[in-house]
Amino acid sequence: MSTIAFGTAAVLPARPATRLRVTARGRRVLLALASIPLAAGIAFGVLSGGSALASNDAVSTATFETVTVVPGDSLWSIASKVAPNEDPRGVMDEISDLNMLEGSTLQVGDELAIPARYTS
């Protein structure tokens, strides 16, 4: 059998880790490269958003008749008054959806918009 012996000449010394150094010029270049997508996004927003403001089309607005809630009113009674020939449950749902009501409780003085198909 043979043996292998290692001497100090066979072992390579460890290389010291080099540290990356970014100079002031390098920092400016990195900052410029990082800001290009941001500048492109802002330019796109400015160029595409301005056309909506420059249009000269007439804007149609919806008009609703409103009902002011008085003491003793409920959503059921308002729906029955507004559409006497309709099922009040469906009318109540439409009024709730139109006015974004979360429940059936009403406050005195609230103004409720009535769907256009129930107005005369």
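This is a short talk about helix H3 and its surroundings in a predicted model.

Let me start with the whole chain. There are 3 helices and 2 strands. Along the sequence, the pattern runs α-β-α-α-β. The chain has 120 residues, and 17% of them count as buried. Now take the contacts between residues at least 6 apart in sequence. Of those, 57% join residues at least 24 apart.

On to H3. This helix covers residues 88–99, which is 12 residues. From first C-alpha to last, H3 reaches 16 Å. That is close to the 16 Å expected at 1.5 Å a residue.

Which residues of H3 are buried? They are Pro88, Val91, Met92, Ile95, Ser96 and Asn99. Look down the axis of H3, and these buried residues fall within an arc of 135 degrees, so they line one face of the helix. Now turn to the face pointing away from that buried side. There you find the exposed residues Arg89, Asp93 and Asp97.

What covers the buried residues of H3? The cover includes helix H2, residues 75–82, and strand S2, residues 111–114.

Let me pick one residue from the buried face. Ser96 lies in H3. Its relative accessible area is 13%, under the 20% cut-off, so Ser96 counts as buried. Leave out residues up to four places away in sequence, and Ser96 touches Leu75 and Leu101. Keep Leu75 in mind. We meet Leu75 again in H2, where it is one of the buried residues.

So, H2. Its buried residues are Leu75, Ser77, Ile78, Ala79 and Val82. They pack against strand S1, residues 65–68, and also against H3 and S2.

How do the two helices cross? H2 and H3 pack at an angle of about 105 degrees. Their axes are 9 Å apart. The angle falls between 65 and 115 degrees, which makes H2 roughly perpendicular to H3. On the H2 side, the contact is made by Leu75, Trp76, Ile78, Ala79 and Ser80. On the H3 side, it is made by Pro88, Arg89, Val91, Met92, Ile95 and Ser96. By class, that contact has 8 nonpolar, 2 polar and 1 charged residues. Note Arg89. Arg89 is among the residues in the contact, yet Arg89 is also listed as exposed, on the face of H3 turned away from the buried side.

Next, the end of H3. Which residue follows the helix? It is Met100. Met100 lies in the loop between H3 and S2. Its phi is positive, about 55 degrees, although Met100 is not a glycine. Is Met100 buried or exposed? Its relative accessible area is 70%, over the 50% cut-off, so Met100 is exposed.

One more stop in that loop. Thr105 also sits between H3 and S2. Thr105 has 67% relative accessibility, so it counts as exposed too. Where does Leu75 come in? Thr105 and Leu75 are 30 residues apart in sequence. In space, they are 7.7 Å apart, C-alpha to C-alpha.

To sum up. H3 has one buried face, and exposed residues on the face turned away from it. H2 packs roughly perpendicular to H3. Met100 follows H3 with a positive phi. And Leu75 of H2 appears in several places: in the contact with H3, touching Ser96, and 7.7 Å from Thr105, C-alpha to C-alpha.

Terms used
Residues are numbered from 1 along each chain as its sequence is written. This is a predicted model: local features need pLDDT of at least 70, side-chain atom pairs count only at pLDDT 80 or more; totals for chains, interfaces and linings use all residues. Side-chain values use heavy atoms; hydrogens and water are left out. Helices (H or I, at least four residues) and strands (E, at least two) are DSSP runs, numbered from the N terminus. The expected span of a helix is 1.5 Å times one less than its number of residues. Buried means under 20% relative accessible area, exposed over 50%, partly exposed in between (1.4 Å probe, protein chains only). The arc is that of the directions from the helix axis to the C-beta atoms. Contact means heavy atoms within 4.5 Å. Axes are lines fitted to C-alpha atoms, for helices over the stretch in contact, and angles run from 0 to 180 degrees between N-to-C directions. Angles under 35 degrees count as roughly parallel, over 145 as roughly antiparallel, 65 to 115 as roughly perpendicular and the rest as oblique. Ala, Val, Leu, Ile, Met, Phe, Trp, Tyr, Cys and Pro count as nonpolar, Asp, Glu, Lys and Arg as charged, and the others, Gly among them, as polar.
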